[in-house]
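Open the structure in a viewer and keep the selection panel at hand. The tour goes from one selection to the next.

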Number of protein chains: 2
Amino acid sequence: MLSKKTKYALHALTYLGKHKDKGAILIQEISEEYGISHKFLENILLELKKAGFLGSKKGKGGGYYLIKEPTDIPLSTVIRLLDGPIALLPCVSLNYYEPCEECKDQAKCGLNMVMIQVRDETLKILKMKSLEDILKEE
Amino acid sequence: MLSKKTKYALHALTYLGKHKDKGAILIQEISEEYGISHKFLENILLELKKAGFLGSKKGKGGGYYLIKEPTDIPLSTVIRLLDGPIALLPCVSLNYYEPCEECKDQAKCGLNMVMIQVRDETLKILKMKSLEDILKEE
DNA sequence: ATTAACCCTATAACTTTTATGGGGTTTTAC
DNA sequence: GTAAAACCCCATAAAAGTTATAGGGTTAAT
């Protein structure tokens, strides 16, 4: 399951995508829409900004806005940013690799090999689906 | 990521699958092979037994053994048993459904709809891959 | 009868997730 | 220029979930 952080991030991106024409949007507006704590959401938006998805404007009339095209925001990137690895095991993670402690020889581990295949298939889906797909449905 | 519980379960199933001809196998043998605490593994094997994957024999010379064919043990079932939902959001889980608190109208939630598609694709993979696929690689 | 192993329940230790709080800095509007 | 509005940062507490431990009880084979 996705963490709430990731879920909220996707909600926020969706909201910003839906109101792209309105310019900068207040944290408060988004947090009220989804009932998310203002502060918690703020942290999430900051991460999304650092990652290059969002821009922000300070001062009165400021807020956040989307700076990437929804087609260029795949679910895989958002999930990795907020939740970490997509792979089901540390030993098959592309971005967060760690060997399994219990594994004597990863090269001979059948579980490892099957999970590589699962990872590749899962990634295919999550790279294909983007914010655009969410917006299309709303 | 899978919990260690699920990972250990898959290791144990693999081990039992590899040594099917040897009859009942001791918890201790498996726990030593993978460096898993005896008691922790015991709980996992009990769950696998309750779920109908394993049989057990008590007394001296007892232990656990596979009672289902490896082709009949899909990853999806093992993961669901030990880890719970495969879906990325509670609102799209088939077996552990819960509505999202922040969602005013699930029927109009684009995130929900996209995640249903992701779930279906993911399930397709995890149902297709079984213990047999792990054993084939070892 | 004794030993070896399964079975059950409770709970403690640890980790991660979720959330809160306060204070500071920047920018815009007036 | 100044006040108000909003972003930005850091630290920490509350809650939840995972991982592991402990002890005792039951069953079955030798």
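The stops below cover the contact between two chains and then the two DNA strands of this predicted model.

**Stop 1: chain B against chain A**

Select chain B and chain A. Here 30 residues of chain B are in contact with 31 residues of chain A. Now highlight α1 (4–18), α5 (110–128) and α6 (131–137) of chain B: each supplies at least two residues of the side that touches chain A. Which helix gives the largest share of that side? The answer is α5(B), with nine residues. Colour this side of chain B by class, and 16 nonpolar, five polar and nine charged residues appear.

**Stop 2: DNA strand D**

Next, select DNA strand D and the 23 residues around it. S3(B), K4(B), S37(B), K39(B) and G59(B) come nearest. Then show the elements that give two or more residues to this surface: α3 (38–50) and β2 (63–66) of chain A, and α1 and α3 (38–50) of chain B. The most, three residues, comes from α3(A). By class, the surface near strand D has five nonpolar, eight polar and ten charged residues.

**Stop 3: DNA strand C**

Move on to DNA strand C, which 23 residues surround. Label the closest: S3(A), S37(A), K39(A), K58(A) and G59(A). Two or more residues come from each of α1 (4–18) and α3 of chain A, and α3 and β2 (63–66) of chain B. Which element gives the most to the surface near strand C? It is α3(B), with three residues. Coloured by class, this surface shows five nonpolar, eight polar and ten charged residues.

Definitions and conventions: Residues are numbered from 1 along each chain as its sequence is written. Chains are lettered from A and ligands numbered from 1 in the order in which they are written. This is a predicted model: local features need pLDDT of at least 70, side-chain atom pairs count only at pLDDT 80 or more; totals for chains, interfaces and linings use all residues. Two residues are in contact if their C-beta atoms, placed from the backbone, lie within 7 Å. Helices (H or I, at least four residues) and strands (E, at least two) are DSSP runs, numbered from the N terminus. Ala, Val, Leu, Ile, Met, Phe, Trp, Tyr, Cys and Pro count as nonpolar, Asp, Glu, Lys and Arg as charged, and the others, Gly among them, as polar. A residue is near a molecule or strand if its C-beta atom, placed from the backbone, lies within 6 Å of it.
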